[in-house]
Amino acid sequence: MFSSFVSPRQVKIGDAAAFAGTTPRAIRHYHDIGVLPEPERGSDGRRRYGYDAMIRLLWIRKMADAGVALEDIRGAFADDAGGDADAAGNGGAGGDGGADGDRAPIDPQVTRVLDRLESTLVAKEAELRRQRAAVQRMRTRGSRLGLLDDIVAGRLESLPEGSVRRDDLDTLLVTERMLGPLAAAMQAGRFVALATHPVLREGSDRVDAAEEALDDTVAVDDPRVAQVAAERHAFEEALQAAIEASGQDAEDDAILDAWDELHPAADDAVGGAVEADGRGAGPRRMSVAEAISKMPYDYSPARWRCMELALELGAPDPSAPSAAE
């Protein structure tokens, strides 16, 4: 055999990395965490990798590419240390000590690693399906509407294009986060009414503009605060009357029935709890009060007072006789 074709007995880290399809930095990391034992160093002080080290490095790369965590890889090699010693005693490349390794029973530690890996992959597949479905909804419904929960978006998708504003979707997004999809679906009826009643939409814009004018330059006891609160109250009564006249109550009942059927023990409605971010490790439940406390609103004190007054105007009069009386 020509000398130019004779394989070296040992190679430097750069050649080992190139052959294994990785980087010298990754190999050094393997050494640091104990996945790959430190090899002998040559007279120049550099690492040298022989056949056994290269075989182990190749298996590390195969396992890592399959998604096995480095910690699990280290544990698997630790449990297999006796087999490695036997193979080394039989001459490594030339011996036959590892010949039936593939047919031997899988070590329980490796089995546990593979079980965890399979569970992780199943979860990733489910997440990919969810993401693909979200992309498809965005294509069909639009980039923002398609990201809302189906029960929310479904109530708006039949409306004419452009009739639901970005601010409307922003509001639904916040409600969905704070109170859950069901509450947002109920609120969506408000934007259905605004989209189908131009006069109501104009009135909404007028009151919104009046509220926005109550900035930090307006005192809390300024007469305009009470005036705008009265305008908001009057508008909300007109909007509610239009919603009732349109027959949305029946649609609300159908949505509630469908939700109860799909979520018999759900607590996403007002007073329940909402999910906080935590993908992968499982979502954390967060109370509505906590969610509200974490959502910033750049409202002036005058505007907050206006909102309070409007709510007070809409509250039932405790001195008024009830229907039962």
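**Note on the predicted model: helix packing and selected residues**

1. Arg61 touches Ala20, Gly21, Thr22 and Tyr30, leaving out residues up to four places away in sequence. Arg61 is found in helix α3. In this predicted model, its relative accessibility is 17%, so Arg61 counts as buried, the cut-off being under 20%. One of its contacts is distant in sequence: Ala20 is 41 residues from Arg61 along the chain, yet the two C-alpha atoms are 7.1 Å apart.

2. Arg56 also belongs to helix α3. Is Arg56 buried or exposed? Arg56 is buried, because its relative accessible area is 18% and buried means under 20%. Leu36 lies 20 residues away from Arg56 in sequence, with a C-alpha separation of 7.3 Å.

3. Glu40 sits in the loop between α2 (24-33) and α3 (51-65). Here the relative accessibility is 62%, so Glu40 counts as exposed; the threshold is over 50%. Setting aside residues up to four places away in sequence, Glu40 touches three arginines: Arg46, Arg47 and Arg48. Gln10 is 30 residues from Glu40 in sequence, and their C-alpha atoms are 9.9 Å apart.

4. Now the overall picture. The protein has 14 helices and two strands. Of its 325 residues, 30% count as buried. Take the contacts with a separation of 6 or more: residues 24 or more positions apart account for 61% of them.

5. Helix α1 (residues 13-20) packs against α2. The axes are 8 Å apart, and the angle is about 100°. The two helices are therefore roughly perpendicular to each other, since that class covers 65 to 115 degrees. From α1, the contact uses Ile13, Gly14, Ala16 and Ala17; from α2, it uses Pro24, Ile27 and Arg28. By class, the contact of α1 with α2 has five nonpolar residues, one polar and one charged.

6. Helix α9 packs against helix α10 (residues 198-212). Their axes are 5 Å apart, at an angle of about 110°. That makes α9 roughly perpendicular to α10, because the angle falls in the range 65 to 115 degrees. On the α9 side are Leu194, Ala195 and Thr196; on the α10 side are Pro198, Leu200, Arg201 and Ser204. The contact of α9 with α10 divides into four nonpolar, two polar and one charged residues.

7. How do α9 and α11 cross, and which residues meet? The axes of α9 (residues 181-196) and α11 (residues 223-245) come within 10 Å and cross at roughly 90°. So α9 is roughly perpendicular to α11. Gly189, Arg190, Ala193 and Leu194 of α9 meet Arg232, Phe235, Glu236, Leu239 and Ile243 of α11. In the contact of α9 with α11, five residues are nonpolar, one is polar and three are charged. Leu194 appears in this list and also in the contact with α10.

8. Asp168 is found in helix α8 (residues 166-179). Its relative accessible area is 5%, so Asp168 is buried. Apart from neighbours within four places in sequence, Asp168 is in contact with Ser163, Phe191 and Arg201. Of these partners, Arg201 is also one of the α10 residues that meet α9.

9. Which residues form the aromatic cluster? Ring pairs link Tyr297, Tyr299 and Trp304. A search of the whole structure finds two aromatic pairs. Tyr299 has a further partner: the charged end of Arg303 sits over the Tyr299 ring, 4.1 Å from its centre.

10. To recap the residues discussed. Arg56 and Arg61 are both in helix α3. Arg56 is buried at 18%, and Arg61 is buried at 17%. Asp168 is buried as well, at 5%. Glu40, in its loop between α2 and α3, is exposed at 62%.

Conventions. Residues are numbered from 1 along each chain as its sequence is written. This is a predicted model: local features need pLDDT of at least 70, side-chain atom pairs count only at pLDDT 80 or more; totals for chains, interfaces and linings use all residues. Side-chain values use heavy atoms; hydrogens and water are left out. Axes are lines fitted to C-alpha atoms, for helices over the stretch in contact, and angles run from 0 to 180 degrees between N-to-C directions. Helices (H or I, at least four residues) and strands (E, at least two) are DSSP runs, numbered from the N terminus. Angles under 35 degrees count as roughly parallel, over 145 as roughly antiparallel, 65 to 115 as roughly perpendicular and the rest as oblique. Contact means heavy atoms within 4.5 Å. Ala, Val, Leu, Ile, Met, Phe, Trp, Tyr, Cys and Pro count as nonpolar, Asp, Glu, Lys and Arg as charged, and the others, Gly among them, as polar. Buried means under 20% relative accessible area, exposed over 50%, partly exposed in between (1.4 Å probe, protein chains only). Rings of Phe, Tyr and Trp (its six-membered ring) pair if their centres lie within 6.5 Å; planes under 30 degrees apart count as stacked, over 60 as edge-to-face and the rest as tilted. A charge sits over a ring if NZ of Lys or CZ of Arg is within 6 Å of the ring centre and within 35 degrees of the ring normal.
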